[in-house]
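User: Hey, can you walk me through this model? I'd like to know what is going on in it before I head back to the bench.

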Amino acid sequence: MKKKLTTMLLVVVLLITSLPVYANAEQCTEHQWGEWFEINAPSCFFNGMEARDCEKCHERELRSIPATGHQWGEWKIIEGPTCGESGFKRKECAICHADEQESIPATGEHQWNEWIVDEEPTCEEYGYKIKECTICHDTEEEEIPATGKHSWGDWETTKEATALSKGIQSCFCFNCDKEKRRITSKLKARVSLEEKSATLESGKNHKIKIKSKTYGDKVKKWTSSNKKIATVDAHGKVTGKQVGTATITLKMKSGVQAKCKIKVTKPKYSTNSRPSKSHSGGSGSHSGGSGSSTNAPTSGYVWIPNTGSKYHKDSTCGNMKNPTKVTLEEAKSAGYGPCSKCY
C-alpha cells in the first residue's frame, strides 16, 4: 500500500513540474546525461518513474513510465462446456494477479456413440435402440420397425378331418410364435360290404359285415327293400322270412350307401324228416285208390309255395303267393310232394 502511495505522489510531482528538470543549470551549460534507470516500476494501472543524472553537475532528470496495463496469461478452462450447458475459462494477470473469467458456449451438438439394440423387433411389433452422448451422457431412443414378415413352420394337424367333420391345421412363426390356422375338408366318404350278395334259407340268419368305411363315419341304419322276404336289425343281421329276393341297404351318417342282395330259399328238409305216408291202400296212398298221383312228372320244372309241402304244375294252383320255380329234383330233395290237384 505504501508503495502505491509513493508512486502516486511521484506522478503528482511530475504533473506539476515540467520535464525535464535541471537542478543546477547555472553550474552546467551542457549536461552529460547518463543512462536512464528505473526508480519505480510501472504497474497495471499506475505509471512508474525513471531518472538519469548529469555526470558533470549531478543534476537529475525524471520522467514517467506509462502504466503497463494487465499482462494476461493464457486462458485456462475451469469447467468445460457440454452439449447443452456452457462452461467457463479464466486468465490471470502476470503482474497484479487480477483474474478474468469468460463463458464458453455450449457445444450444441451431442457426440453420440453407436446405436445399441435394447429390444429386438418382431414380425408385428416394433423394437427399440438407444444411443448415448459421450459428453453429457444424454440418451436418445428410436424405434426399430417391425420386420413385417413371418417365418412360418410346417403345417401340423391339430384336429383330424373325418367323414363327418372338417379338420384343423396350425403352423407357428419361428420369430414371434404367432399361430395361423386353416380348415381342411371332410374326408371323402366311402363304404363297402364284405359281400354283394348272399343266400340264406327261410327262418335262418345271416350277418352282413362292413369291409371298410371312411374314418369317423358311423352307421345310420340298415334297411330291407322287402321286409316280407327278409328283415335286418341295427347290426346288419338279416333274417330270412319267406322265399324271395330282397336288397339290404346300409346307410351311413355321411350319406354314402352300400347294398347286398339277399336270396331267401326254402329250408332243405331231409327225406327222413318228411311225414311218412302209407304206401298200400287207404286214403292218401300213392299206389291206387283215391288221391293217387299216377300223373306225377318224372323230370322238368315245378312250382313250390312259400308255405306248404306240395309242388305244383301251375304257379296259380292253390292261390300261391310268390311261388318259386325249381327243378323237380330240387323240389323232391327239399321234401316236396306232388299236388293232387295238378297231377
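Analyst: Sure. A quick word on terms first: helices and strands here are DSSP runs, numbered from the N terminus, with at least four residues for a helix and at least two for a strand. By that definition, Thr-265 lies in strand β21. Keep in mind that this is a predicted model.

User: OK. How many helices and strands are there in the chain?

Analyst: The chain has two helices and 25 strands.

User: And what share of the residues is buried?

Analyst: Buried residues are 26% of the 343 in the chain. The exposed surface of the chain comes to about 23200 Å², and carbon and sulfur atoms supply 48% of that.

User: What about contacts between residues 24 or more positions apart? What percentage do they make up?

Analyst: They account for 46%, counting the contacts in the chain with a separation of 6 or more.

User: Back to Thr-265. Which residues does it touch, leaving out those up to four places away in sequence?

Analyst: Thr-265 touches Thr-199, Leu-200, Glu-201, Ser-202 and Val-243. Take Glu-201: it sits 64 residues from Thr-265 in sequence, yet the two are 4.6 Å apart in space, C-alpha to C-alpha.

User: Is Thr-265 buried or exposed?

Analyst: In between. Its relative accessible area is 23%, so Thr-265 counts as partly exposed; buried would mean under 20%.

User: New topic: pockets. How much space lies in the second largest pocket?

Analyst: About 360 Å³. The second largest pocket is lined by 17 residues, and the closest to its centre are Thr-265, Lys-266, Ile-304, Val-326 and Glu-330.

User: So Thr-265 again. Which elements each supply at least two residues of that lining?

Analyst: Strands β20 (244–252), β21 (257–265) and β24 (324–327) do, and so does helix α2 (328–333).

User: Now the sheets. What's the order of the strands in the one with β15?

Analyst: That one is an open sheet of three strands, ordered β15-β19-β18, and the pairing is antiparallel. At its edges stand β15 (205–207) and β18 (230–232); each has a single partner strand, so one side of each is left without a neighbour in the sheet. From one strand to the next, the twist averages 25 degrees.

User: How many bridges join β18 and β19?

Analyst: Three, in the antiparallel sense, with β19 covering residues 237–240. As one example, Ala-230 stands opposite Gly-240 in β19.

User: Anything on Thr-239? Which residues is it in contact with?

Analyst: Thr-239 lies in strand β19. Setting aside neighbours within four places in sequence, Thr-239 is in contact with Leu-200, Lys-204, Asn-205, Ile-229, Ala-230 and Thr-231. Thr-239 and Val-264 are 25 residues apart in sequence, and their C-alpha atoms are 9.0 Å apart in space.

User: And the sheet with β11: what's the strand order there?

Analyst: It's β10-β11-β12, an open sheet with antiparallel pairing. The edge strands are β10 and β12, each pairing on one side only. On average, neighbouring strands in this sheet are turned by 35 degrees against each other, direction ignored.

User: How many bridges hold each pair?

Analyst: β10 (156–159) and β11 (167–172) pair over three bridges, while β11 and β12 (179–184) pair over six. In the pairing of β10 with β11, Glu-156 stands opposite Ser-170. Across from β12, Phe-172 stands opposite Glu-179, and Ile-168 stands opposite Ile-183.

User: What about the hairpin of β11 and β12? How many residues are between the strands?

Analyst: Six, and Asp-177 in this hairpin takes a positive phi near 65 degrees. Asp-177 isn't a glycine. Its relative accessible area is 58%, so Asp-177 is exposed.

User: Where is His-97, which also isn't a glycine but has a positive phi?

Analyst: His-97 is found in the loop between β5 (87–92) and β6 (99–104), and its phi is about 65 degrees.

User: Is His-97 buried or exposed?

Analyst: Exposed. The relative accessibility of His-97 is 52%, and the cut-off for exposed is over 50%.

Terms used:
Residues are numbered from 1 along each chain as its sequence is written. This is a predicted model: local features need pLDDT of at least 70, side-chain atom pairs count only at pLDDT 80 or more; totals for chains, interfaces and linings use all residues. Side-chain values use heavy atoms; hydrogens and water are left out. Two strands pair if DSSP finds at least two bridges between them. Buried means under 20% relative accessible area, exposed over 50%, partly exposed in between (1.4 Å probe, protein chains only). Contact means heavy atoms within 4.5 Å. Accessible areas come from the Shrake-Rupley method with a 1.4 Å probe; for residues, only the protein chains shown count as cover. Axes are lines fitted to C-alpha atoms, for helices over the stretch in contact, and angles run from 0 to 180 degrees between N-to-C directions. On a 1 Å grid over the protein atoms alone, a cavity is a set of points where a 1.4 Å probe fits but cannot get out, and a pocket is an open set with protein on both sides within 12 Å along at least five of seven lines; lining residues have an atom within 4 Å of a point. Grid points are joined across faces, edges and corners, and a volume is the space filled by probe spheres set on the points.
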